[in-house]
Amino acid sequence: MMLAQAISGEAYRALRNPRALFWAYALVPLFILIFGLGIELAVRIDSKMVPPTIEPFRLAIRSLGAGGNPIAQLFYAIGAAALVANEYRWESWRLIGPRNRRLNLILAKFMVYLACAALSLAAIVAVEFFSAFVAGLAKGTPVAWNVDGGPGWAALAVAWAASLAELAALGALAMAGAVATRSLLGGAMPAFLFALGQSLLLAFAQPPAGINRAILLPVHAGDMARGWAQGGSGGDALAGAAMLLCWAFVLIATAIILFSRQDLSRE
Amino acid sequence: MTGAVIEARSVAKRYGAVTALAGLDLAVPRGGVFGLLGPNGAGKSTFLRIVLDLVRPSSGEVLLFGAPVDARVLRRVGGFIEAPRFHPYLTATQTLRSVALTAGIADADAEGLLDRVGLSEAANRRVDGFSLGMKQRLGIACALIGAPELVILDEPTNGMDPAGIQDIRRLVRDIADRDGATVLLSSHLLDEVQRICDHVAILDHGRLVTSGPIADLLGSGDRLRIAATPIARAIEIAGADARADGEDAMLAPIARADAPALIAALVGAGIAVSEARWVRGDLERLFFERTGQ
């Protein structure tokens with residue numbers, strides 16, 4: 001009950017801060033829309049390699065991989081860290097701190113972040129569908145809404161959930177950092193650098209294969225979880241999703257423990 | 001200590017090498033306005049932060065309504081510490097609603113609260129444009145959300161003009177008298193505390209130096225100031241409660257009826273008495289006396 005109240009208060013505040021919502025959650029879908037349309041219309045329209053059909057589900061699932069893109073993750077990390085760090089910056093913990101449990105206050109912020117991230121991912125799917133529709137019109141190519149053998153709504157939902165789990169782990173890390181350092185940079189930068197480091201490691205080094213690799217690298221766990229939607233193994237997908245949830249749980253628990261023991265002596 | 005809304009038992013708080021509270025024992029009785037006084041660094045704000053669970057004590061415990069401080073018991077408390085802070089992008093009404101939602105009070109009368117603290121006309125203005133005085137008023141409105149039984153106000157008249165100070169003094173009395181809430185008020189303004197408080201406690205160096213009903217503390221504070229030479233011998237004759245007041249005078253807390261006998265005893269002992277007058281008890285004198293400032 002008290003958690004629902006904390007979420008209600010947090011959502012009320014978050015929805016009244018459109019600038020923060022835009023930078024953290026709307027910019028990535030907007031970027032994908034602009035560049036997606038640009039590529040579809042400016043490049044592929046003149047290409048001799050125009051496919052016979054456009055598969056919006058496959059495009060959307062591929063786009064949801066933005067959840068694992070370090071640049072996109074930077075914006076989501078800023079969004080997560082800002083929810084926490086701004087309370088320190090504005091010294092407003094003293095206003096809401098005595099009104100609910102500290103556990104609930106952090107969980108509420110995490111839930112609101114997840115809701116915003118979920119909507120942002122949904123917006124990515126929507127802009128991909130829109131881009132595919134516009135590209136189909138421009139090229140005179142039929143749009144294939146779930147062609148036989150191709151991915152459909154179920155695969156899209158799995159990819160969406162996998163990307164959300166990946167952003168959950170990222171957001172939890174950003175929030176833990178923001179609590180520990182009481183700052184936005186202290187939350188967002190470690191999360192961004194961690195995401196970048198994982199991508200570089202995956203690209204240039206050869207970390208241990210399989211499940212161990214997933215444990216070390218949430219971004220790989222995200223790829224594994226999304227893999228099923230693109231024809232990969234169901235077992236790997238489950239393992240990847242489980243790893244992501246473990247990462248998220250451990251990191252948000254860390255944030256809660258740190259916050260519960262913290263003196264809000266200036267805030 | 002039965003019936004105390006706040007009971008502090010040997011509460012200590014250390015920040016590294018700095019001791020903010022050094023074993024504070026204090027009981028705030030139910031009802032009325034309780035003034036918390038002390039010089040800068042006495043530990044007032046630290047104590048209020050501990051009561052509001054913003055800071056955890058290093059040792060000791062605080063009971064609110066007889067129970068340890070936690071989120072549930074804090075639902076009966078409203079308050080703000082030092083200058084109140086807000087989310088700058090919210091309006092005054094939105095600020096109240098957001099705090100009320102977090103506290104589980106869906107039907108908070110934001111307009112009524114703003115009217116009560118004199119902020120009706122600024123209800124839909126963003127808080128980041130507020131003056132310090134307006135923020136203080138909004139902080140008080142936030143503290144009153146949910147009609148709390150205990151209202152904690154830390155320096156509530158800071159940054160206010162004289163008319164605003166009068167408004168807030170009336171409001172503080174009104175909270176105690178009309179709402180029936182206990183108000184714990186921290187202030188540097190001794191005159192303010194003397195005017196509106198029923199009880200007072202003075203802290204110094206993280207400890208309680210005196211506490212009680214203000215009428216008792218001041219009522220028993222009338223003292224006879226005697227300038228005499230040699231003053232050490234005069235203090236000796238006046239008794240253990242007499243204290244030096246400067247280099248050549250003393251303050252003797254005696255009944256008015258005993259004054260002639262004391263003066264006669266001093267003169268009889270060969271002490272030159274050059275002045276004797278009554279000094280009325282006031283909070284300022286009590287404060288400086290007890291804090292040694």
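This is a short chat about the interface and cavities of a predicted model.

Reader: How many residues of chain A are in contact with chain B?
Author: 32 residues of chain A, in contact with 36 residues of chain B.

Reader: And the area buried between them?
Author: About 3,000 Å². Carbon and sulfur atoms give 55% of that.

Reader: How many salt bridges across the interface?
Author: The rule finds two. A:Asp263 and B:Lys13 meet in a salt bridge, at 2.5 Å from N to O.

Reader: How many residue pairs are in polar contact?
Author: 19 between chain A and chain B, counting pairs with both residues at pLDDT 80 or more.

Reader: Which element gives the most on the chain A side?
Author: H1(A), with eight residues. By class, that side has eleven nonpolar, ten polar and eleven charged residues.

Reader: Switching to cavities. How many of 30 Å³ or more?
Author: Two. The largest has a volume of about 80 Å³.

Reader: What lines the largest one?
Author: Chain A residues, including A:Glu166, A:Phe194 and A:Trp247. H7(A) gives the most, with four residues. The lining has eight nonpolar, two polar and one charged residues.

Reader: And the second largest, what lines that?
Author: Residues of chain A and chain B, among them A:Arg94, A:Arg99, B:Val77 and B:Cys142. About 60 Å³ of space lies in this cavity.

Reader: Which element gives the most there?
Author: S6(B), with three residues. H5 of chain A and helix H4 (132-143) of chain B also give two or more each.

Reader: How does that lining divide by class?
Author: Seven nonpolar, two polar and two charged.

Definitions and conventions
Residues numbered from 1 in each chain as written. Chains lettered and ligands numbered in written order. Predicted model: local features only at pLDDT ≥ 70, side-chain atom pairs only at ≥ 80, totals over all residues. Heavy atoms only, no water. Contact = heavy atoms within 4.5 Å. Buried area = accessible area lost by both parts, 1.4 Å probe. Salt bridge = Lys/Arg side-chain N within 4 Å of Asp/Glu carboxyl O. Polar contact = N/O pair within 3.5 Å; in protein donor to acceptor, adjacent residues only side chain to side chain. Nonpolar A, V, L, I, M, F, W, Y, C, P; charged D, E, K, R; others polar. 1 Å grid on protein atoms, 1.4 Å probe; cavity = no way out; pocket = protein on both sides within 12 Å on 5 of 7 lines; lining within 4 Å. Points joined across faces, edges and corners; volume = space filled by probe spheres on them.
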